[in-house]
Amino acid sequence: MTVALPPKPLAALSADEARRIALRAQGMLGVPDRRGGVRGVLRRLGAVQLDTISVLARSHELVPYARLGAVGRSSVEAAYWGAGTSFEYWSHAACVLPIEEWPLFAFRRRAFTARGRRWHTMADAERSCAEVRARLHAEGPLTSTDLGGARNGGPWWDWSETKIATEWLLDVGEVVCTERRGWKRVYDLAERAVPAELLAQQLDDETCLRRLVGQAGAALGVATRADLADYHRLKGEQVDAVAADAGLVPVEVQGWGRDGGPGSAWADPAALATTPRGRHRTTLLSPFDSLIWDRARTERIFGFAHRLEAYVPKPKRVHGYFAMPLLAGGRLVGRVDPAREGRVLIARQVSVASPAAVAPMAQALREAADWVGCDEVKVERVVPESLAGPLTAAVSAG
């Protein structure tokens, strides 16, 4: 397949400039937008990924924490859910999305409709869907349990007919996930959950894609074709079709030899208008944070190879079950595999790139412990081992 090249670059960026632009776009460089709070972070990023794993906290809590600091965990949930300001749908993965983006995913809802089914099959789709609609209409928002149960009694993927029907209606946009309650999706009818002015917008596929690519470009700052596609899980050819009209400008980035030729990329014009300056965040990152969720982009920008090892057999893990990268000084300089036992945060394995990373790692561990209500940090293993003493001392000194 031939990849469409961006037009002639309007600007040339060094790899370091591109890194700083990406950090600022993701809210990791400069003064945090505390007035906008968690909802401001969500609007800026356009998508916050959800995941079942909870070590320090769930990933969607870690994302605003990384940008705003010790925001109250209950206020994070309140900002996402219950006020009609967001919904859950398929973006990069299952994500919390600003409600304003509802019209932009019409292309995906139509694609599900055209396919006619998801990977589960219903015995009587018409009857099952009608029953779900009727229950939601009569009783208001409900979980799968409220609707009759999510499973047939077998493995987690052995869904009940009602669960399959409900998820299908969510896929095609008749039903909306308005919140998570005890990690269970709460479903409501789109006609009730989505503001009328948004529900009435019927955008064609090209408009949806153009606006999503523009939003991804703004959230990334500077990006290759593959970066733009990955943000909302679009196809490369979909990006090609709209990138030139998405409000982005072509740029050349030193060393970014990928996609459409040596260094070709797209940038948000606003990101190029001023030089990124300000204070860098020092924080631990969820592996599902949009700054690093694209592993190829992470390695290209930061020279940091990262892999989630939660699903790797324990003897084959290198960095641990849920290794969280350390961001400090605008670079990824280490990682830690955390755990909690009561009010103790345990750093099962800490890897640091150099002695200079010891102090920021200690700071990040202490701040994370305080945020989740732990009184103590216990360091079990450090790589390289020669830095175990200095790190333990630095953690204790705090």
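At what angle do α1 and helix α15 (residues 295-302) pack? In this predicted model, the angle is about 125 degrees, and the axes of the two helices are 9 Å apart. The legends below begin with this view.

**Figure 1. Packing of helix α1 against helix α15.** Two packed helices are described by the angle between their axes and the distance between the axes. Because an angle of about 125 degrees falls outside the range of 65 to 115 degrees for roughly perpendicular pairs and does not exceed 145 degrees, α1 is oblique to α15. On the side of α1 the contact is made by R19, A22 and L23, and on the side of α15 by R297, I301 and F302. Sorted by class, this contact of α1 with α15 holds four nonpolar residues and two charged ones, with no polar residue.

**Figure 2. Crossing of helix α1 and helix α11 (residues 205-220).** The axes of α1 and α11 come within 6 Å and cross at roughly 110 degrees, which means that α1 is roughly perpendicular to α11. Residues I21, A22 and A25 of α1 meet A218, A219 and L220 of α11 in this contact. The contact of α1 with α11 has six nonpolar residues, with no polar and no charged ones.

**Figure 3. Buried residues of helix α1 and the residue that follows the helix.** Within helix α1 (residues 15-25), the buried residues are A18, R19, I21, A22, L23, R24 and A25. Among them, A22 takes part in the contact with α15 and also in the contact with α11. After α1 comes G27, whose phi is positive, near 80 degrees.

**Figure 4. The second largest pocket, with a volume of about 220 Å³.** The lining of this pocket is formed by 14 residues, and those nearest its centre are G27, V31, P32, D33 and R44. Two or more residues of the lining are given by each of α2 (37-45) and α3, and the largest share, four residues, comes from α2. By class, the lining of the second largest pocket divides into six nonpolar, four polar and four charged residues.

**Figure 5. The largest cavity, with about 50 Å³ of space.** Rolling a probe the size of a water molecule over the atoms shows where empty space is left. A search of the whole structure finds one cavity of 30 Å³ or more. The largest cavity is lined by L220, D227, D230, Y231, S290, L291, I292, W293, D294, R297 and T298. The elements that supply two or more of these lining residues are α12 (225-231) and α15, with the largest share, three residues, coming from α12. The lining has five nonpolar, two polar and four charged residues. Of the lining residues, L220 also belongs to the contact of α11 with α1, and R297 to the contact of α15 with α1.

**Figure 6. Surroundings of V55, in the loop between β2 (48-49) and α3 (59-68).** V55 counts as buried, because its relative accessibility is 15%, under the cut-off of 20%. Apart from neighbours within four places in sequence, V55 is in contact with Y321, F322, P338, A339 and R340. V55 and R340 are separated by 285 residues in sequence, yet their C-alpha atoms lie 7.0 Å apart in space.

**Figure 7. Surroundings of E167 in helix α8 (residues 161-172).** With a relative accessibility of 1%, E167 counts as buried. When residues up to four places away in sequence are not counted, E167 touches R118, W159, R185 and Y187.

Definitions and conventions: Residues numbered from 1 in each chain as written. Predicted model: local features only at pLDDT ≥ 70, side-chain atom pairs only at ≥ 80, totals over all residues. Heavy atoms only, no water. Buried < 20%, exposed > 50% of the residue type's maximum accessible area, 1.4 Å probe, protein only. Contact = heavy atoms within 4.5 Å. Axes fitted to C-alpha atoms, helices over the stretch in contact; angles between N-to-C directions. Parallel < 35°, antiparallel > 145°, perpendicular 65-115°, else oblique. Nonpolar A, V, L, I, M, F, W, Y, C, P; charged D, E, K, R; others polar. 1 Å grid on protein atoms, 1.4 Å probe; cavity = no way out; pocket = protein on both sides within 12 Å on 5 of 7 lines; lining within 4 Å. Points joined across faces, edges and corners; volume = space filled by probe spheres on them.
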